Amino acid sequence: MNGLDGVVKSVQQTARYVASHLADHTGTGSETNPSGEAQIGADVWADRLFFEELSELDAVGAYASEERQDVVDCGRGYSVAIDPLDGSSNLASNNSVGTIVGVYDAELPAAGRAMVAAIMVLYGPYTTMAVARADTDGVGEFLLRDGFSERWGTCTIPETATVVGLAGKTSERSDACNALADELNHDLKPRYGGATVADLRQVLEYGGLFGYPATTTNPDGKLRVHFESAPLAYIVDAAGGRSTDGTQSLLDVDPDGLHARTPTFLGNGVLIEQVETALTG
Ligand code: AHG
Ligand code: MN
Ligand code: MN
């Protein structure tokens with residue numbers, strides 16, 4: 001089993017445990033994460049579980065998390081960047097959440113092009129794990145059950161776009177972004193649920209666009225390059241889609257720090273072009 005197989009298996013086993021114990025951890029936490037956002041109990045709990053498993057792997061030399069200020073040195077090997085629980089505010093309302101993992105063959109901070117794999121776990125009515133790797137084509141998807149996982153299929157973005165999920169209040173977005181939103185809402189159905197992983201899985205199933213643009217509250221966008229935007233862009237590219245920060249692929253964004261944020265758009269190539277035209281004139 002090569003190093004990547006070990007990382008995928010460890011994420012799969014830990015995610016299965018997370019899925020079956022989420023209900024015990026919906027309480028609020030008392031700390032804030034390095035991005036200055038309130039942590040809930042499940043954020044810290046999930047981070048600890050993934051750290052305990054991933055940091056022990058021979059293939060993992062560094063563990064970086066949305067929930068930790070600094071990279072943790074684990075020896076030699078890949079750098080793993082994780083959003084242990086994506087969309088965690090959805091737990092209180094019993095809506096879907098996820099886990100996002102980027103595997104970098106580089107020290108962090110690093111641009112997404114240094115990734116060799118990305119994993120997206122969706123804790124929905126059932127739990128699935130989508131995996132994109134440099135050594136395999138496409139995006140394999142697995143159904144996680146107790147004790148094992150079975151191949152569920154592949155994620156390939158459809159040619160025809162159907163849905164759009166664009167974050168932010170119109171009062172906090174640019175006029176160009178609001179004009180883009182009007183265009184997209186004219187032809188596409190709204191699908192926005194507060195967890196990028198769940199919203200992106202809609203885009204991968206039905207075709208369309210997910211975006212979290214720059215807003216007055218988050219001038220660089222809300223999503224973090226290492227823990228959300230770049231790994232998800234890696235998966236979308238492998239599924240036949242594209243990404244942009246408004247001007248370039250999210251895999252080319254060069255983060256100036258471990259918790260750097262970026263405006264984030266993911267989906268069909270034709271819609272990514274529409275975003276870049278709308279936002280750059
Ligand atoms: P996280 O829980 O890891 O901080 O991620 C939440 C992110 C993302 O998953 C979601 O799309 C977005 O925050 C929702 O933000 P709003 O509440 O501003 O819509
Ligand atoms: Mn997140
Ligand atoms: Mn998170």
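Q: Which strand supplies the largest share of the shell around ligand 1 in this predicted model?
A: β5 does, with 3 residues. β5 (78–86) and β13 (208–212) each supply at least two residues of that shell.

Q: What makes the pair formed by T196 and ligand 1 a polar contact?
A: A polar contact requires a pair of N or O atoms within 3.5 Å. An N or O atom in the side chain of T196 is 2.9 Å from an oxygen atom of ligand 1, and therefore the pair qualifies. The protein covers 81% of the 470 Å² of accessible area that ligand 1 has on its own.

Q: Why do E66 and L85 also count as polar contacts of ligand 1?
A: The side chain of E66 places an N or O atom 3.1 Å from an oxygen atom of the ligand. For L85, a backbone N or O atom lies 3.2 Å from a ligand oxygen. Both values fall within 3.5 Å, so both pairs meet the criterion.

Q: Why are D83, D86 and E228 called donors of the manganese ion (ligand 2)?
A: Donors here are N, O and S atoms within 2.8 Å of the metal. D83 (OD), D86 (OD) and E228 (OE) lie 2.0 to 2.1 Å from the ion, and therefore satisfy that limit. Their spacing in sequence is D-x2-D-x141-E.

Q: What links the manganese ion (ligand 2) to the manganese ion (ligand 3)?
A: D83 coordinates both ions, which are 3.7 Å apart.

Q: Are D83 and D86 buried or exposed?
A: D83 and D86 are buried, which means that each has under 20% relative accessible area.

Terms used. Residues are numbered from 1 along each chain as its sequence is written. Chains are lettered from A and ligands numbered from 1 in the order in which they are written. This is a predicted model: local features need pLDDT of at least 70, side-chain atom pairs count only at pLDDT 80 or more; totals for chains, interfaces and linings use all residues. Side-chain values use heavy atoms; hydrogens and water are left out. A polar contact is a pair of N or O atoms within 3.5 Å; within protein, one must be able to donate a hydrogen and the other to accept it, and residues adjacent in sequence count only if both atoms are side-chain atoms. Accessible areas come from the Shrake-Rupley method with a 1.4 Å probe; for residues, only the protein chains shown count as cover. Helices (H or I, at least four residues) and strands (E, at least two) are DSSP runs, numbered from the N terminus. Donors are N, O and S atoms within 2.8 Å of the metal (3.2 Å for Na, K and Ca); water is not among the atoms, so sites may look incomplete. Buried means under 20% relative accessible area, exposed over 50%, partly exposed in between (1.4 Å probe, protein chains only).
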